[in-house]
Structures are given as structure tokens and as C-alpha cells.
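The exercises below are intended to be worked with the sequence and the model at hand. Please attempt each task before reading its solution.

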Amino acid sequence: MAKYLNDFQFGVGVSGGVEAVLHSANRVLSEHHADGSLVMMTVDFSNAFNMVDRSALLHEVKKMCPSISLWVNFLYGQAARLYIGDQHIWSATRVQQGDPLGPLLFALVLYLLVHKIRDNCKLLLHAWYLDDGTVIGDSEEVARVLNIIRLHGPGLGLESNIKKTEIFWPSCDGRKLRANLFPTEIGIPSLGVKLLGGDVSRDAGFISELAMKRAVNVVDLMGLLPQLCDPQSELLFLRSCMGIAKLFFGLRTCQPVHIEEAALFFDKGLRMSIEDMVVCGGLFFGDIQWRLASLPIRFGGLGLYSAYEVSSYAFVASRAQSWALQDHILCDSGIGGMDLDYLCL
């Protein structure tokens, strides 16, 4: 099914789909940021997975995945009881939370809408990660996309959430501000947008501020580790989920030059946590010990990473690893080769 879906859907059966969509959007922005006729729209649905129409779901499964249609019909062919204390309500829409088939079943229904957009709109970029859509094109073409979603989406159980849908571009020729082209309640950020946990922007301050917020949250979390009163458990958490693991995605998708301050702030907090863990915050922990802590455990270190040192090669690695997928996403944009964000590293 990945072969059927992945012209536009990069959340099912595709490795690195989030990073590829983010990098692709930033490459288009880098190439065409001065073109005031363009606009980028991030699509948001209201409670999409819980509202998707089951009749459309069962029909698409029978047509596209006949080998599992009997099983899916057994799971979703009848309304299910949801118990609340001694009472219950009937669940007749949505895919079940936790169902491993859920993303595929949702994507099959959404693809009916995606096909209508493909057939009626000419876009530079058109990509989805499950229910999160990203389109870039001429402002009138993007407005047509939104009209298609609002017209045909409800029949599939997909209601657009205009208040969380946003349009963005750093330059403007005035056409996108024309009355009635976009709903008045749609979001219009001026510096950039948050997309799939990352950011799409050419504004250094916007990118730096988001990176610093993430770093502050991680450092605050690391500050709670001493409450465990167990250095071994503290190190385990620090290495696996409470340290740089929470920053890796940002390091892989943000230009390193814009997140240097956040990386240094994180490293300072990480060093304080290690000092407290190894020498209880006292003496005997200097620059040499800090360097040793970043070595792999098999070389006598603690297996911890410095965000400042990781940032450059994490970004380059992500761009390189998702390059083929980016080219696939950008096949209609005319954009090829390496952009300045990549070459400057």
C-alpha cells in the first residue's frame, strides 16, 4: 500500500517521512521566498481519526486491500460499545485507538480527498503525514485546495478546522489578502509555521525561539532527576529519554546556525546533571571529565551527547538520508540539487 499511497502520503509505510516533508517545505521556501504570489497552507482537521467515516473506510479496504477486507469488516463492520462506568455509548465512526491498521485505514479514506486535490490543483508541494497536510503553490490554487477540503471532506467524516489551519509566506503581492479568498478566521503567522513538530521559516529569531523553548523544557526535566536518588537510574533516563533524545528531531531538522544558543544552553544543563550524578555537584569535575562523559560506554564514557557537537552532522545526516524522498515530494516544483542551508555546512 505504500506504493499506492506515497505519491502524497508519507505517514504509512515510509521511513523518515516527517523529516522529508519538513526539509522539502524549507527547500521550497528557501528557493521561492521572494515570490509574493505563493502561499503555504498547513491543513488541520477536527478530531480526524475519531470522525473518519467507516462506510467509506470499508469500501476503500474492499477495493484496494481485498485480502484483509473480511478481517477489517469483522473489526469495524458494526458499532462497538464504549463503557463509561455502568453506562455505554455506541462508537460508529473512527478507527480504533491503538489499532496497528489504524493509520493505513485512515490514509485510504483521506486519499479520496487527496486525489481530488491532485486532479484539480497545480501545486509546487503537496504532502501529507497522516492527517497533517502541507501544500505550497499560487495563492488561488491553495485557496482551491481549501475549498475542495471543505466541500468534499465532510462526506468522508473529515471536517476542516479553520482556526488551526494556517497560511504563511514571507513575501506578499497582495493577492492572497484579497477579500473572500481565504476565510477570515484562518491563521496568518508572519514569521513562520510549526509543522510536524518542526518549523518552516526563514526567520532566525523564530527558529531560535522555538529551539530555546524545547531546550528549556528538557533542562527543566533533567533538573528533576535527583529526586530518584539513584545515579544508575538517573543515567539510564538521561541516556534514553530525558536528555538529548528530546532534542534529536529539532537538531536534525533545524539549520544549526539558528539553534546554537539553544544547543549551548542544553549542554550547560546536561553538564550540571552529570556533575550532580558523578560527584554530587562538588569539585573534581572539569572539562576533561565533561569530554570523557561524551565517549561511548565501551570506551569508558557515559554515552552522552553534546547537542552543540551533534547539531551540524545531525542536520546533514537527515538531509542526506531523506534526499531521495525529498526529490519525490518536490518532483513538480522544479527544485533540484543542494540548497544553501545544506551547502553552508
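The following exercises concern this predicted model, and each is followed by a worked solution.

**Exercise 1. The chain as a whole**

Task: State how many helices and strands the chain has, and what share of its residues is buried.

Solution. Step one is the secondary structure, which comes to 15 helices and 8 strands. Step two is burial: of the 345 residues in the chain, 48% are buried. Step three is the surface, where the chain exposes about 17,400 Å² and carbon and sulfur atoms supply 56% of that area. For the overall dimensions, the C-alpha atoms fill a box of roughly 65 × 60 × 35 Å along the principal axes. Contacts in the chain complete the picture: among those between residues at least 6 apart in sequence, 70% join residues at least 24 apart. Finally, the chain has 29 positive and 36 negative charges, and the mean positions of the two groups are 5 Å apart.

**Exercise 2. The two faces of a helix**

Task: Determine which residues of helix α5 are buried, and where they lie around the axis.

Solution. Begin with the buried residues of α5 (residues 69-76), namely S69, V72 and Y76. These cover an arc of only 65 degrees around the axis, and therefore lie on the same side of α5. Next, identify what this side meets: the buried residues of α5 pack against α4 (54-64) and α6 (102-120). Last, turn to the face directed away from the buried side, which carries the exposed residues L70 and F74.

**Exercise 3. A hairpin**

Task: Describe how strands β7 and β8 are joined, and which way the residues of β8 point.

Solution. First, establish the pairing: β7 (residues 192-195) and β8 run antiparallel and are joined by 4 bridges. One position in this arrangement is G192, which stands opposite S201 in β8. Second, follow β8 (residues 198-201) along its length: G198 and V200 point one way, D199 and S201 point the other way, and all are buried. Third, inspect the connection, where the hairpin has 2 residues between the strands. L196 is found in this loop between β7 and β8; although L196 is not a glycine, its phi is positive, at about 55 degrees.

**Exercise 4. Two residues of one helix**

Task: Decide whether E141 is buried or exposed, and do likewise for V145.

Solution. Locate E141 in helix α7 (residues 139-152); V145 lies in helix α7 as well. The cut-off for a buried residue is under 20% relative accessible area. E141 has 18% relative accessibility and therefore counts as buried. V145, at 0%, also counts as buried.

Then examine the surroundings, leaving aside neighbours within four places in sequence. E141 is in contact with N120, C121, K122 and L123. V145 is in contact with M41, I117, C121, L123 and V135. For V145 and V135, the separation is 10 residues in sequence and 8.3 Å in space, C-alpha to C-alpha.

**Exercise 5. A positive phi in a loop**

Task: Find where N47 is located, and classify its accessibility.

Solution. N47 is found in the loop between β1 (38-43) and α3 (48-51). Its backbone is noted for a phi near 50 degrees, a positive value in a residue other than glycine. As for accessibility, the partly exposed class lies between under 20% and over 50%. N47 has 45% relative accessibility, so it counts as partly exposed.

How values were computed: Residues numbered from 1 in each chain as written. Predicted model: local features only at pLDDT ≥ 70, side-chain atom pairs only at ≥ 80, totals over all residues. Heavy atoms only, no water. Buried < 20%, exposed > 50% of the residue type's maximum accessible area, 1.4 Å probe, protein only. Contact = heavy atoms within 4.5 Å. Areas by Shrake-Rupley, 256 points an atom, 1.4 Å probe, with all protein chains shown as cover. Lys, Arg positive; Asp, Glu negative; His and termini not counted. Charge placed at Lys NZ, Arg CZ, Asp CG, Glu CD. Arc of directions from axis to C-beta. Pairing = 2+ DSSP bridges.
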